[in-house]
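Good morning, colleagues. Please take a moment with the sequence and the structure before I begin.

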Amino acid sequence: MNARLATMEAPVMARGAVVMAGEKVLWAGPEADLPAAHAKAEQQDMAGRLITPALIDCHTHIVHGGHRAREFEMRLEGASYEEIARAGGGIISTVAATRNASEAELLAQALPRLDALIAEGVTTIEVKSGYGLDGDTELAMLRVARRLADERPVRVRTTFLGAHAVPKGQGADSYLEEVCLPTLRKAHALGLVDAVDGFCEGIAFSPEQIARVFDVAVELGLPVKLHAEQLSHLGGTALAARYGALSADHVEYANDDDARLMAASGTVAVLLPGAYYFIRETQLPPVAAFRAHGVPMALATDCNPGSSPFTSLLLTMNMACTLFRLTPDEALRGVTVHAARALGLDDCGVIAPGKRADLAVWNVETPAELAYRIGFNPLHQRYFGGSAC
């Protein structure tokens with residue numbers, strides 16, 4: 001009661017109310033319209049605070065070993081992301097650290113990153129594998145990702161990213177055939193994977209190679225998504241659209257034709273301003289084209305050790321507005337309703353009857369304040385499945 005309410009399905013209500021029972025929302029709307037059936041329910045005065053859907057981080061790599069602070073220094077000295085990767089750094093260096101870590105160590109390293117997200121009102125995250133590049137470690141990463149939901153009140157969606165990089169001493173095609181695809185099948189059989197991703201780029205895999213991975217995903221009944229058009233225009237976004245991907249992520253080098261194809265396939269554009277900022281990119285994603293064609297735009301931290309060591313969705317929202325010129329409303333939709341869609345979820349991201357009671361209560365007057373401040377967390381309370389935590 002007595003709350004400003006942003007359901008993401010209607011304009012912000014100056015005085016709104018939400019009725020919850022168990023894990024679900026029963027009713028949400030103007031306080032004056034509260035049905036008589038709910039009038040005697042236990043009430044909590046929100047003192048005019050803003051209520052939004054809880055936040056969703058739909059693209060993370062938070063399970064990994066080690067860090068890459070030295071590569072950060074190298075970039076400041078003038079080396080490019082591709083130069084570092086080709087010199088044996090980048091993803092491959094994190095692969096070594098991840099392979100050398102036990103599952104207990106990977107869990108212990110991931111939890112502080114997760115805690116930082118939870119502290120900003122996140123209740124749902126996506127976690128990718130991709131730093132193993134061998135069967136055992138890829139499966140270990142997925143098991144650790146699943147365990148995060150046992151350790152914290154959070155919902156985890158796992159993504160198999162075996163096609164993340166080519167291991168040293170192995171060709172891309174042989175790696176796919178001998179390691180990646182068999183591991184994907186095993187991960188699916190073990191119930192460890194919710195979706196399948198790949199890195200379609202000159203330093204990783206071609207569209208034709210990614211198509212082989214996607215074909216197996218389709219065979220297994222798993223949805224796909226793709227790291228596409230981050231460093232160049234290789235055709236990954238069109239490939240993602242052709243497979244009806246949940247999302248195409250990064251997409252700085254996507255164009256108007258890509259946007260049109262994404263709109264037709266229902267593929268969400270996941271913008272990752274943290275990576276854009278951290279590797280000092282200059283190619284802006286085609287936000288105007290996405291708007292013109294009605295492509296939903298989600299936002300995520302892309303939390304990873306090399307190109308986006310970010311654990312703040314609030315900062316991500318600010319960056320999306322300042323760097324990509326999204327509006328504050330677009331930014332909030334990007335971490336709620338559109339982020340849910342990028343994960344193939346239809347039971348969260350909005351406040352509506354029948355949806356999960358995943359809510360964030362903020363010490364702010366307007367949604368724009370969430371994207372406006374830098375380095376300040378106005379979260380008052382997080383509700384996960386109807387429980388304050």
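I shall discuss one helix, one sheet and one pocket.

Please bear in mind that this is a predicted model.

Let me start with helix α4, residues 103–118. What span should its 16 residues have at 1.5 Å a residue? The expected value is 22 Å, and the end C-alpha atoms lie 22 Å apart, which agrees. The helix does bend, by about 25° at Leu111, and Pro112 follows within four residues. Leu111 is also among the buried residues of α4, together with Leu106, Leu107, Ala110, Arg113, Leu114, Leu117 and Ile118. In general, residues three or four places apart in an α-helix point the same way, because there are 3.6 residues a turn. Which elements cover the buried residues of α4? The cover includes the helices α3 (91–99), α5 (135–151) and α12 (313–324), as well as the strands β5 (55–57), β6 (122–128) and β14 (379–384).

Strand β14 brings us to the sheet, which is open and has seven strands in the order β3-β2-β1-β4-β13-β14-β15, with mixed pairing. At its edges are β3 (24–30) and β15 (387–388), each of which pairs on one side only. Between β3 and β2, residues 13–21, the pairing is antiparallel and runs over six bridges. Within β3, Gly29 is the bridge partner of Ala17.

Finally, the largest pocket has a volume of about 420 Å³. Its lining comprises 18 residues, of which Val18, Met20, Glu42, Gln43 and Gln44 are the closest to the centre. Two elements, β2 and β13 (359–362), give two or more residues to this lining. Strand β2 provides the largest share, with five residues.

Key. Residues numbered from 1 in each chain as written. Predicted model: local features only at pLDDT ≥ 70, side-chain atom pairs only at ≥ 80, totals over all residues. Heavy atoms only, no water. Expected span 1.5 Å × (residues − 1). Bend = angle between axes of the 7 residues up to and from the residue. Buried < 20%, exposed > 50% of the residue type's maximum accessible area, 1.4 Å probe, protein only. Contact = heavy atoms within 4.5 Å. Pairing = 2+ DSSP bridges. 1 Å grid on protein atoms, 1.4 Å probe; cavity = no way out; pocket = protein on both sides within 12 Å on 5 of 7 lines; lining within 4 Å. Points joined across faces, edges and corners; volume = space filled by probe spheres on them.
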